[in-house]
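This report walks through a single protein chain for a reader who has not met it before. It begins with one residue and then turns to helix packing, two loop residues and the chain as a whole.

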Amino acid sequence: MYYTKSATSVVRQLEQLQQRGLEIKDIHEARHFLLTMGYYRLAGYWWPMQADKVSHVFKPNSRFEDVVALYNFDRELRLLLFGMIEKIEIALRTALVYYLSNEFNAWWFQDAGLFINVREHVKTLAHIEEELDRSKDIFIKDHFKRYKSDQRFPPAWKTLEITSFGSLSKLYGNLKPTITSKDVIAAAFQTVNHTFLPSWLQSIAQIRNICAHHGRLWNKNLPGRPNLLPKPPAPWLNNVPPATMHHLLYVHVCCMKYLLNVIHPANPFTSRLQALFETYPNVDLNALGFPAHWNTEPLWQ
């Protein structure tokens, strides 16, 4: 089967949306949004407004301005989460460098003997090497210039400083369970032991990538599934969402909040998230998996 649809003009796109039942109050404004954001990107936000997903007929009272509001909400949500994830990323990087460099040496991340899956470890090192090659940081350039005869990567405190969150989470998750630092780091984040933290980091890294590449979070079927602690040592949720809802954002954001409460106890995550929801009262939070009284849970206090 071959794809047969061809590109269409913005004028035709607007006509088609109106014919399908989407109310467009300001045609000029709608044209501007289609030209600057793109039809296909916005389609992810009007998809739930369609009564028929085959003929793409819209439900009654579906409005283009609501599509734009939903898009803006999602953009602000991504910016908020990206800022919160930054704190988790820095804390993870610091913990990996400190604990493992002291347990082993400054080049522990290159030691294949410390990792479960050597093949995956090789792939991770290849990504790290690409990041080193692309780096414009003075401390990386100076290291290679000064230590030309040293064929190793720069030490952990230099190399991991420019390593992506995704690679950091893979390094941690792939460490052998017998390595002391793996449990020490998990305990430092109050996730008890190495059984739980890798899946949390993986899901957060995936969300970070969505945010960094301006993808959609609202009504998104997320790929990661965090392995939740049965009895967390720190404040958690009284009403934990069932596994059938773990593809939605809420449980992932709860994992972020749990880690943030350890890393930065006075974090403003709750107030900023609540303010965002109040700014866009028409947004359906069920599409993100948020329950009605999410902010009364012990985790969010």
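Asn174 counts as buried, because its relative accessibility is 10% and the cut-off for buried is under 20%. The model in which this value was computed is a predicted one. Asn174 belongs to helix α8, which covers residues 165-174. A polar atom of the Asn174 side chain lies 2.9 Å from the backbone nitrogen of Asn117. Asn117 is also one of the residues in contact with Asn174 once neighbours within four places in sequence are left aside. The others in that set are Leu114, Phe115, Ile116, Glu120, His121 and Lys182.

**Helix packing**

Two pairs of helices can be described by their axes and by the residues that meet. The first pair to consider is α1 with α2. Helix α1 spans residues 10-19 and helix α2 spans residues 27-37. Their axes come within 10 Å and cross at roughly 115°, and the crossing is right-handed. On the α1 side the residues involved are Val10, Gln13, Leu14 and Gln18. They meet Ile27, Ala30, Arg31, Leu34 and Leu35 of α2. By residue class, this contact of α1 with α2 holds six nonpolar, two polar and one charged.

The other pair is α4 with α11. Helix α4 runs over residues 64-103, and its axis is 10 Å from that of α11, with a packing angle of about 45°. How are α4 and α11 oriented to each other: parallel, perpendicular or oblique? They are oblique, because an angle of about 45° falls outside the ranges for roughly parallel (under 35 degrees), roughly perpendicular (65 to 115) and roughly antiparallel (over 145). The crossing of these two helices is left-handed. From α4, the contact draws on Leu77, Leu81, Met84, Ile85, Lys87, Ile88 and Ala91. From α11, it draws on Leu249, Val253, Met256, Leu259, Leu260 and Ile263. The residues of the contact of α4 with α11 divide into 12 nonpolar, no polar and one charged.

**Two loop histidines**

His56 and His214 can be set side by side. His56 has a positive phi although it is not a glycine, and His214 likewise has a positive phi without being a glycine.

| Residue | Phi | Loop | Relative accessibility |
|---|---|---|---|
| His56 | about 65° | between β1 (50-52) and β2 (57-58) | 18% |
| His214 | about 60° | between α10 (197-212) and α11 (249-263) | 48% |

Which of the classes buried, partly exposed and exposed does His214 fall into? His214 is partly exposed, because its relative accessible area of 48% lies between the limits of 20% for buried and 50% for exposed. His56, at 18%, counts as buried.

**The whole chain**

The chain has 12 helices and two strands. In sequence order the pattern is α-α-α-β-β-α-α-α-α-α-α-α-α-α. Taken along the principal axes, the C-alpha atoms fill a box of roughly 65 × 45 × 40 Å. Of the 301 residues in the chain, 44% are buried, and Asn174 and His56 are among the residues that count as buried. Of the contacts between residues at least 6 apart in sequence, 69% join residues at least 24 apart.

How values were computed. Residues are numbered from 1 along each chain as its sequence is written. This is a predicted model: local features need pLDDT of at least 70, side-chain atom pairs count only at pLDDT 80 or more; totals for chains, interfaces and linings use all residues. Side-chain values use heavy atoms; hydrogens and water are left out. Helices (H or I, at least four residues) and strands (E, at least two) are DSSP runs, numbered from the N terminus. Buried means under 20% relative accessible area, exposed over 50%, partly exposed in between (1.4 Å probe, protein chains only). A polar contact is a pair of N or O atoms within 3.5 Å; within protein, one must be able to donate a hydrogen and the other to accept it, and residues adjacent in sequence count only if both atoms are side-chain atoms. Contact means heavy atoms within 4.5 Å. Axes are lines fitted to C-alpha atoms, for helices over the stretch in contact, and angles run from 0 to 180 degrees between N-to-C directions. A crossing is left-handed if the near helix is turned anticlockwise from the far one by less than a right angle, and right-handed if clockwise. Ala, Val, Leu, Ile, Met, Phe, Trp, Tyr, Cys and Pro count as nonpolar, Asp, Glu, Lys and Arg as charged, and the others, Gly among them, as polar.
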